[in-house]
Amino acid sequence: MWLLGQLRWWLLFALGMSLLPLFISPGTLRIFIFANFLAMFAMSWDILSGRTGYISFGHPFLIGIAGYTTAMLTYHLNWPLYITIPTAVVTTMIGGTLFFLPALRIRGTYFALVTLAFMELMYHSMQVVQPKLTGGTRGLSGLPTLVSGAVPNYYLSFLVMFAIGVGLWLLIRTRLGIALSAIRMDEDAVRSSGLNTTRLKLFAFMVSAMVAGIAGALYTHYLGSIAPRGIFEINFLFTILVAALLGGAGTIIGPIIGAYFLTFLLELLRPYIPGAGRYLIYGVIALVLYYYVPKGLYSLFERLRERFFRPRPDPQSD
Amino acid sequence: MTDLLEVRDLTRTFGGLRAVNGLSFHVGEGETVGLIGPNGAGKTTVFNLIMNELRPDSGEIFFKGEAISRYPTHERVKLGIARTYQVPRPFAEMTVGENIRVGMLPDNLWKMVTEEAEEALETEIGRSVGFNNHQIAQRPSELAMGDLRRLELARTLAVQPSLLLLDEVFAGLTLGEIDQISELLVERKKHGLTYVMVSHDLRSMAPLVDRVIAISFGEIITEGTFNEVVNNKTVQEAYLGQ
Amino acid sequence: MGQIIIQGFLLSGLYALIAVGFTMIFSVGRVLNLAYGVYIMLGGYVYFVAVQMYSLPKVPSFLFAALAGVIFGVLTYQLLVKRLQGDAIAVEISTLILAVVMQAAIIVVFSPAPRSMWPLVPGVIYVYDVAVQKNILLATVVSWVVLGGLMVFVHKTHIGRAIRAVSMDPKGALISGIDPQRINLITWGLSGALGAIAGVFFATYTQLDPGMWVFPLITAVAVVIVGGIGSIVGSLIAAHIIGFMETITTTLIAAELRGVFTMLLIIVVLAVAPKGLFGKAEL
């Protein structure tokens, strides 16, 4: 019962979203599907980078590992999806450990750069190392899908996104969430509070990789294809980063808001501005928002809520 | 008196500079020790070495009879050593209460998730260093220097240490704030807390320590009661920089 | 063998030229300018417009390109970076967004289609039986001249010394009466110019397209990481390590693998010696 009380906004959100297919066209639904996947990617980034301050510029690396693992297993070996997807998640978590190793020694800009190098490494090697397996530059296509049609795909993507969102949100509200954000503020001070920061970081990396793995594998099977271009790319990284940051890093709800906001911004602009112009406007809006609201849209909602729903305690009372 | 902490032949160099040079001393259970010396004598380095925030070039550290030289920082804290920093380092985006909560966290992921925070105990620790309820809900940016030092102390006490390393706890404080913190330390000492204190404010330190160790260029010049040490000729010369 | 040595030196010279502007900003402001690739792209496009669309002579077009780099560098600092100073990650993220914005802007103006650029100097000469494009030889010569000039500039001129002072110790420099913001502004302008100059050569070496900013940026990052923060000589050596490694890979193994080895090198260096092979705290 307590849990239901905590989750009332989430449940309201789920209710609203589950009624959505009754009102909108399959075309618009596909936009929502993309927004759901973007939200998952952004949350994966958020639980690692938003919380602990270890900024990852290489999340596409993790997503790509998941996508390629399940793609290759289904394409070459015809394994069923209920085996390949979990395998992909596990592989991604192992890949996440690769990310974690440099984080034992370096942080800040240097850490971000290593992760960027991981992504670039993947971009190059997927094209040339064993192109028979990876499909080389063109990638693999004609992959099996989990469900077909806009409505089932919408429900699937929303359900998974929702489950991940609630799970992570509950997680960051525990004392573990506090410990992870303390690492962002002062890792040495966390250590001298008697906490094993290595273990805490490893946990954040594993959770992040797991979410990236689930989302990456499902996304690949939603698209039915995968290629190095489009995945291991700075532009993809940009979309994930901006969704998480504009929504509000470290909050889990923020990345969801950010993902929806950005996806819809792009769609809203479609009738008015053709082609690449949209991305220009979109980028400028992202830049301006990041510059003036660095804590993200979620912080604006919080501020409004504090002003109208929760009067500050009287400073006189003690 | 049994030794709580023993430091044996500790050495650490930075480039060509021997910041700590073959330093040996011990601290008994329930004892309070002052560590004094001119700027750059190596006092903070000693703390960093004891906490493993720096690695010594050579030497051994024993705590409760156990050789801890190979232990990482957090293991040393769990054994019962805690420190404050010369410049307070609160978690900037957390309230005072949440800062104390981090100090109280068990080093166990499962427990962190499943067990609730003990808010009553947090408040109690906060109040024990002199915060009121309003301040406990405030953020570090809203606090004065004296409050930040108290927060540092509260967070350190939250790990329930048996040995506390206090680095310049009086720096930048008003006389009133110094009195408050001194009272708190006297109170804690009565309850059996052991601490080593580094301070330039010798007058404030005097009533709080049983024994004083004076170091210069990483070596011990002399040790003894407060009066013995401050009246020692070598110590005075070291302070005058000769 | 001769092929590898000559091609290696040529490629390394180009890489050194690409990286040096990036290194400067990193050492003076301790931030990565992820929009640096845009200066390179801008240099290429401005030169292209001047020479191939308006048929202007080469030398003034080259200067226009450098000027565009200066203006864009100064604007990046003034409008974006200045207020975020101190928060390296925020600078990196906002310059990344800026780079993507500029990429979209280039697509809007020039369409996504790649364009090929005429070489600055057409023709081929033979060095020990190895065919070398004069254009690339020129790029290497320019690269050496620019780097040499830069060394003289930072060591011998007043502003250069001030730049070094800020890169060593911003607070100390402030106390000595140097305005770090002014020095930063100069550095960003200079970096923009160097990027744009490198861009003209880089574009003739490959081609012009709106995604062309990524490769030089990654190369510059690699050079800075391998060379270590703020060391011009270190960057020069690192550019040669990477240039030769890529040439050897291309000639002996496969051209497509060169990126793989460069990235592996970055990862190894960052994991083993985060300060770089020749890192020091100053320029």
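**Exercise 1. A helix between strands**

Helix α1 (residues 43-50) of chain B lies across several strands; find out which ones, and at what angle the helix runs to β7(B).

*Solution.* Keep in mind as you work that this is a predicted model.

Step 1. Look at what α1(B) crosses: β3, β6, β7 (163-167), β8 and β9 (211-216) of chain B.

Step 2. Compare directions. The helix runs at about 145 degrees to β7(B).

Step 3. Ask how covered the helix is. Eight of the eight residues of α1(B) are buried, so it counts as mostly covered. They are B:K43, B:T44, B:T45, B:V46, B:F47, B:N48, B:L49 and B:I50.

Step 4. Step just past the end of the helix. There, B:N52 has a positive phi of about 65 degrees.

**Exercise 2. The six-stranded sheet**

Work out the order of the six strands in the open sheet of chain B, and say which of them stand at the edges.

*Solution.*

Step 1. Read the order across the sheet: β6-β7-β8-β3-β9-β10 in chain B, with mixed pairing.

Step 2. Find the edges. In chain B, β6 and β10 (219-224) each have a single partner strand, so each has one side without a neighbour in the sheet.

Step 3. Add the twist, which averages 20 degrees from one strand to the next.

Step 4. Zoom in on one pair. Strands β3 (residues 32-36) and β8 (residues 194-198) of chain B run parallel and are joined by four bridges. Within this part of the sheet, B:V33 stands opposite B:V196 of β8(B).

**Exercise 3. The four-stranded sheet**

Describe the open sheet of four strands in chain B, and find where α1(B) packs on it.

*Solution.*

Step 1. Write down the order, β2-β1-β4-β5 of chain B, and note that the pairing is antiparallel.

Step 2. Pick out the edges. β2 (17-28) and β5 (66-67) of chain B have one partner strand each, so one side of each lacks a neighbour in the sheet.

Step 3. Look at one pair closely. Strand β1 (residues 3-14) of chain B runs antiparallel to β2(B), and eight bridges join the two. Here B:D3 faces B:G28 in β2(B).

Step 4. Place the helix. α1(B) touches β1, β2 and β4 (58-63) of chain B, and its direction makes about 65 degrees with that of β2(B). The helix of the first exercise, which lies across β3, β6, β7, β8 and β9 of chain B, also packs on this sheet.

**Exercise 4. Two chains in numbers**

Set out the helices, strands and overall dimensions of chain A and chain B, and test each chain against the rule for a compact globule.

*Solution.*

Step 1. Count the elements. Chain A has 16 helices and two strands, while chain B has eleven helices and ten strands.

Step 2. Take the spans of the C-alpha traces along the principal axes. For chain A they are about 70 × 50 × 45 Å; for chain B, about 55 × 40 × 35 Å.

Step 3. Apply the globule rule. A compact globule of 318 residues would have a radius of gyration near 20 Å, and chain A agrees with its 20 Å. For 242 residues the rule gives a value near 18 Å, and chain B agrees with 18 Å.

Step 4. Look at burial. Buried residues make up 51% of chain A and 41% of chain B.

Step 5. Check how far apart in sequence the contacting residues are. Of the contacts with a separation of 6 or more, residues 24 or more positions apart account for 77% in chain A and 66% in chain B.

**Exercise 5. Where the chains meet**

Decide which pair of chains shares the most contacts, then describe the sides of chains B and C that touch chain A.

*Solution.*

Step 1. Rank the pairs. Two pairs of chains are in contact, and chains A and C share the most contacts. No contact joins chains B and C, whose closest C-alpha atoms are 15 Å apart.

Step 2. Take chains A and C. Their contact uses 33 residues of chain C and 36 residues of chain A. On the side of chain C, α4(C) gives the largest share, with 15 residues. This side divides into 29 nonpolar, two polar and two charged residues.

Step 3. Take chains A and B. Here 27 residues come from chain B and 21 residues from chain A. Among the elements of chain B that each supply at least two residues are α2 (73-79) and α3 (96-104). The side of chain B comprises twelve nonpolar, six polar and nine charged residues.

Notes: Residues are numbered from 1 along each chain as its sequence is written. Chains are lettered from A and ligands numbered from 1 in the order in which they are written. This is a predicted model: local features need pLDDT of at least 70, side-chain atom pairs count only at pLDDT 80 or more; totals for chains, interfaces and linings use all residues. Two residues are in contact if their C-beta atoms, placed from the backbone, lie within 7 Å. Ala, Val, Leu, Ile, Met, Phe, Trp, Tyr, Cys and Pro count as nonpolar, Asp, Glu, Lys and Arg as charged, and the others, Gly among them, as polar. Two strands pair if DSSP finds at least two bridges between them. Axes are lines fitted to C-alpha atoms, for helices over the stretch in contact, and angles run from 0 to 180 degrees between N-to-C directions. The radius of gyration is taken over C-alpha atoms; the globule rule is 2.2 Å times the number of residues to the power 0.38. A residue is buried if 20 or more other C-beta atoms lie within 10 Å of its own, exposed if 12 or fewer, and partly exposed in between; C-beta atoms are placed from the backbone.
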